[in-house]
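Colleague: Could you take me through one part of this model up close? I'd like to see how a pair of helices meets, with a bit of context around it.

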Amino acid sequence: MSTPVLQKHYTEKVVPALKEKLGYTNPHQIPRLEKIVVTSCMGKAPDRKVAVDDAVAEIAKITGQKPSITYSKKAVANFKLREGEALGARVTLRGARMWEFLYRFINVTAPNIRDFRGISPKGFDGRGNYAVGFPDQSIFPEIELDQIKRTIGFDFIFVTSAKTNDEGRALLTELGLPFRDTKKAETTEGAAA
């Protein structure tokens, strides 16, 4: 199997750019993308079991990998939730599948989002990992619009080896993740007012 395009881009262009930008001498210090976790929770759906099956099918189409089902840890009477009941689906992408998924997301999916101005840069957790959510699955080209039974939201978690948010942001920006420019947005809003 050949090396994914984005992985080649990482080794040839991103690593030297980050080495110069962050001032590292050891190549093992340079942040890298370790995995991408795609999750979906169907906790509010009245027909939870069927909704979880739909979420499993949709995530499998999007990622090319069969997701695992997540279950509730305890019963909550107010939400009519029993212990051990299926709640959602989750898949962890690593290696070639991770690089291919990220490449498709950056170059195909993100440009197809209506009125897309970039993803919010506020989803970092303090340790260089980034999380972003999308409200429905219709933005993915793998999903046939006439086959959609229900709207399913997704969360993507990009787990990196970066120590700080700035290093994680530098890595994901160099890889091509389209972050929204908050400074530019603030100046245009101030000019319009």
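How many helices and strands does the secondary structure of the protein come to? And after that, how do α1 and α3 pack, at what angle and with their axes how far apart?

Modeller: Sure, and bear in mind that this is a predicted model. The count is five helices and five strands, and going along the sequence they follow the pattern α-β-α-β-β-α-β-β-α-α. Now for your pair. Helix α1 covers residues 5-22 and helix α3 covers residues 95-109. They pack with their axes 7 Å apart, at an angle of about 95 degrees. Angles of 65 to 115 degrees count as roughly perpendicular, so that's the label for α1 and α3. As for who does the touching, α1 brings Val5, Leu6, Gln7 and Tyr10, while α3 answers with Trp99, Leu102, Tyr103 and Ile106. Sort the residues of that contact by type and you get seven nonpolar, one polar and no charged. The polar one is Gln7, given that Gln isn't on the nonpolar or charged list.

Stepping back to the protein as a whole, its C-alpha atoms fill a box of roughly 55 × 50 × 35 Å along the principal axes. Of the 193 residues, 38% are buried. The exposed surface comes to about 11,700 Å², with carbon and sulfur atoms supplying 50% of it. And if you take contacts between residues at least 6 apart in sequence, 67% of them join residues at least 24 apart.

Terms used: Residues numbered from 1 in each chain as written. Predicted model: local features only at pLDDT ≥ 70, side-chain atom pairs only at ≥ 80, totals over all residues. Heavy atoms only, no water. Axes fitted to C-alpha atoms, helices over the stretch in contact; angles between N-to-C directions. Helix = DSSP H or I, 4+ residues; strand = E, 2+ residues; numbered from the N terminus. Parallel < 35°, antiparallel > 145°, perpendicular 65-115°, else oblique. Contact = heavy atoms within 4.5 Å. Buried < 20%, exposed > 50% of the residue type's maximum accessible area, 1.4 Å probe, protein only. Areas by Shrake-Rupley, 256 points an atom, 1.4 Å probe, with all protein chains shown as cover.
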